[in-house]
Amino acid sequence: MSSQDEQFQAAAPDPAASSADDGMTWWYRWLCRIAGVIGGVSCAFAGLWNCVTINPLNIAAGVWMMLNAFVLFLCEAPFCCQFIEFANAVSARADKLRPWQKAAFYCGMAVFPVMLSLTLTTLFGNAIAFATGVLYGLSALGKKGDAISYARIHQQQKQMDEEKLTGALEGQGL
């Protein structure tokens, strides 16, 4: 067995472990992945367009956007980077990250070029990459609770407030 085969087997994510840990449904996981790929495409094209200028800050922002596209492809769609030996290992590590960590990483990556050069190209080019981070951030919040449990909590809070109010009134009456 070659070292590349060993690396691939070691880097292969365990789908049962990752789905049980973060609580994301299969369709939301695919939505985040597709948003990441589309964000990578938009970053790549907008970054290339941003580099066609003489302003050094625009060039730096464009290069950073193309780097963002590469990282998004590497983490979300490693099959697009088959020519890179370590693509599967990086993707497996990215799959082990918690959703809030991915959210912070993707949003931070998308904000930096906008801070370098605030143009429409950088804003629109990084919007979908930022939206990918927002999607992962929303998944970190967890599932919405059901109405019955919210009603039960509300009833308990109401009961506690009434007990405090009656206790305060009894204390004033003495």
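At what angle do helix 3 and helix 7 pack, and how far apart are their axes? The legends below take that up along with a few other close-ups, and every view comes from a predicted model.

**Figure 1. The whole chain, before zooming in.** Here's the overview: the chain has eight helices and zero strands. Reading along the sequence gives the pattern α-α-α-α-α-α-α-α. Of its 174 residues, 32% count as buried. Take the contacts between residues at least 6 apart in sequence, and 67% of them join residues at least 24 apart.

**Figure 2. Helix 3 against helix 7.** Back to the opening question: these two helices pack at an angle of about 160 degrees, and their axes are 8 Å apart. Angles over 145 degrees count as roughly antiparallel, so helix 3 and helix 7 are roughly antiparallel to each other. Their crossing is left-handed. Sorted by class, the residues in this contact come out as 13 nonpolar, ten polar and one charged.

**Figure 3. Helix 3 against helix 4.** For this pair, the packing angle is about 155 degrees and the axes sit 7 Å apart. That makes helix 3 roughly antiparallel to helix 4. Helix 3 passes helix 4 in a left-handed crossing. The contact between them is made up of 15 nonpolar, eight polar and two charged residues.

**Figure 4. Val37, a spot on helix 3.** Val37 belongs to helix 3, which covers residues 26–50. Is Val37 buried, exposed or partly exposed? Its relative accessible area is 25%, so Val37 is partly exposed; the buried label would need a value under 20%. Setting aside neighbours within four places in sequence, Val37 is in contact with Phe73 and Ala77. The Val37 and Phe73 pair is a nice one to click on: 36 residues separate the two in sequence, yet their C-alpha atoms are 6.1 Å apart in space. Phe73 itself is one of the buried residues of helix 4.

**Figure 5. Helix 4 and what covers it.** Helix 4 runs over residues 56–76, 21 residues in total. From first C-alpha to last it reaches 30 Å, close to the 30 Å expected at 1.5 Å a residue. Which residues of helix 4 are buried? The set is Asn58, Ala61, Gly62, Met65, Asn68, Ala69, Val71, Leu72, Phe73, Leu74, Cys75 and Glu76. Their cover includes helix 3, helix 5 (87–96), helix 6 (99–116) and helix 7 (120–141).

**Figure 6. Asn126, tucked into helix 7.** Asn126 is located in helix 7. With a relative accessible area of 2%, Asn126 is buried. Which residues does Asn126 touch, not counting residues up to four places away in sequence? They are Cys43, Met65, Asn68, Ala110, Pro113 and Val114. Two of these partners, Met65 and Asn68, are among the buried residues of helix 4.

**Figure 7. Lys102, a lysine in helix 6.** Lys102 is part of helix 6. Is Lys102 buried or exposed? Buried is the verdict, since the relative accessible area of Lys102 is 7%. Leaving out neighbours within four places in sequence, Lys102 is in contact with Glu76, Ala94, Asp95, Leu97 and Tyr136. Glu76, one of those partners, is itself listed among the buried residues of helix 4.

How values were computed. Residues are numbered from 1 along each chain as its sequence is written. This is a predicted model: local features need pLDDT of at least 70, side-chain atom pairs count only at pLDDT 80 or more; totals for chains, interfaces and linings use all residues. Side-chain values use heavy atoms; hydrogens and water are left out. Helices (H or I, at least four residues) and strands (E, at least two) are DSSP runs, numbered from the N terminus. Buried means under 20% relative accessible area, exposed over 50%, partly exposed in between (1.4 Å probe, protein chains only). Contact means heavy atoms within 4.5 Å. The expected span of a helix is 1.5 Å times one less than its number of residues. Axes are lines fitted to C-alpha atoms, for helices over the stretch in contact, and angles run from 0 to 180 degrees between N-to-C directions. Angles under 35 degrees count as roughly parallel, over 145 as roughly antiparallel, 65 to 115 as roughly perpendicular and the rest as oblique. A crossing is left-handed if the near helix is turned anticlockwise from the far one by less than a right angle, and right-handed if clockwise. Ala, Val, Leu, Ile, Met, Phe, Trp, Tyr, Cys and Pro count as nonpolar, Asp, Glu, Lys and Arg as charged, and the others, Gly among them, as polar.
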